[in-house]
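Visitor: I should like a close look at a single part of this model, one strand and its surroundings. Please describe it in one connected account.

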Amino acid sequence: MAKPQKRYVCQACGSVATRWQGQCADCGEWNSLIEESAKATVFSAKHDLRTGGRAIQMVGLDADIPLPKRWSTGIAEFDRALGGGVVPGSATLIGGDPGIGKSTLLLQAAARMAMAGQPVAYISGEEAADQVRLRARRLGLGQSPVQLASATSVRDILTTMEQAPPSLLVIDSIQTMHSDQIEGAPGTVSQVRASAQELIRFAKERGTAIVLVGHVTKDGSIAGPRVLEHMVDTVLSFEGERSHQYRILRAVKNRFGGTDEIGVFAMQEEGLSEVANPSALFLTTRGEGVSGATVFPAMEGTRPVLVEIQALTVRLQSGATPRRAVVGWDSGRLAMILAVLEARCGLSFSTAEVYLNIAGGYRVSDPAADLAVAAALVSALAERPVPIDCVLFGEIALSGEVRSVAHAPLRLKEAAKLGFSQAWAPAAKDPPGKAMRQESFSSLGALVDHILGRR
């Protein structure tokens, strides 16, 4: 009798090894290899086309296809992140830190869709139905006709849903689901992949929009195999610090809409409420004469969001090692800006500690923030404040050149709407208009001279 073959599957990336080892050879994760049984399967290297197969129907690329129908969730910010609403038959994966508000948001969306007349089912694999019902009562949603259940068996869930397929099916969470077609405990790579595949197949065949809640790892990425993100149509990331009030729902992948769209929410006692004006959430109240503070109009998809960048420099005694601390921005990008300021503009930060913070706990990845960060650093070092009614944006090259950025008119329009009257930016082809006065800079040195009053 042949000895059963063993295999070890990485729970982070899904790679397979024939023996256990402490570190995965593919992704580098430690203690992520879990033993799973492997059934011997013989694969043919070539298909015999005489014994099966059917011709598939081909469609021309120029065929007239209507836009997909969408259902509104009743939450405008959620619909915005989804690209305009829930598409029937779509599969959405939403991930975020524990306690960030994933279940709360989905329960609110499910309740509003149910009250609008859509059949909605909410399956919880982590909580009992009574726990979900109590949370709904705290949110003021206890009278909504959402069908609740607590189950982890994919076979039982699909058997129940086949009787009356709902418009929306929420699975909280995919790591708790178990398929009896695969050996292994819930949460393993094989179980997550098989359970998601069966649920997504049901959604495509019955026209049910399915939302899968996914756990995240310690580095913030969605736990489980990366193939899970390829299987679904939309991947949403729920971001935010639990110590801050705001939450951001960011679209990382969307087959039915644009990516990098965000929905902004505020956590309150009655649940998550929409933030119609995100710029007001991230701008702090500051008076005249405050050095080291600038305002940057960031772009999140098609939405401009104004955030405040704060910098502080502290002179040290000779011989001490200066510290560089960054919150909400890339530390490598900060090191590059400091190097350009020293090499191209003659400013010395080698004897000063540098602290940089994005107000409100917001995270900025837009390279257009370079000019605003540089201005905040120069303002803090020279103790010369930037005008309070000014916004700044522009990308800085290693040569010290200030390069143009995308969506400049949208940034300026949002700034003018919030009462800002001037902008420091790269030279623009089109004037910003009468409502906004623009100061153009072609190099970082020109910006430094302007702040220090050299011109």
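Guide: Strand E10 (residues 246-254) is largely enclosed by the rest of the structure, because 7 of its 9 residues are buried. Here buried means under 20% relative accessible area, with exposed over 50% and partly exposed in between, for a 1.4 Å probe and protein chains only. Strands (E, at least two residues) and helices (H or I, at least four) are DSSP runs, numbered from the N terminus. The model is predicted: local features need pLDDT of at least 70, side-chain atom pairs count only at pLDDT 80 or more, and totals for chains, interfaces and linings use all residues. Residues are numbered from 1 along each chain as its sequence is written, and side-chain values use heavy atoms, leaving out hydrogens and water.

E10 pairs with strand E9 (residues 234-239) in the antiparallel sense, over 6 bridges; two strands pair if DSSP finds at least two bridges between them. Within this pairing, Arg250 of E10 stands opposite Ser237. E10 is also joined to strand E11 (residues 262-268), again antiparallel, by 5 bridges. There, Tyr246 has Ala266 in E11 as its bridge partner.

As for covalent cross-links, the structure holds 0 disulfides, a disulfide being a pair of cysteine sulfur atoms within 2.5 Å. Cys24 is buried, at 4% relative accessibility, and its sulfur lies 3.7 Å from the closest cysteine sulfur, that of Cys10, which is too far for a bond. Cys390 is likewise buried, at 1% relative accessibility; the closest cysteine sulfur to its own, in Cys345, is 17 Å away, too far for a bond.
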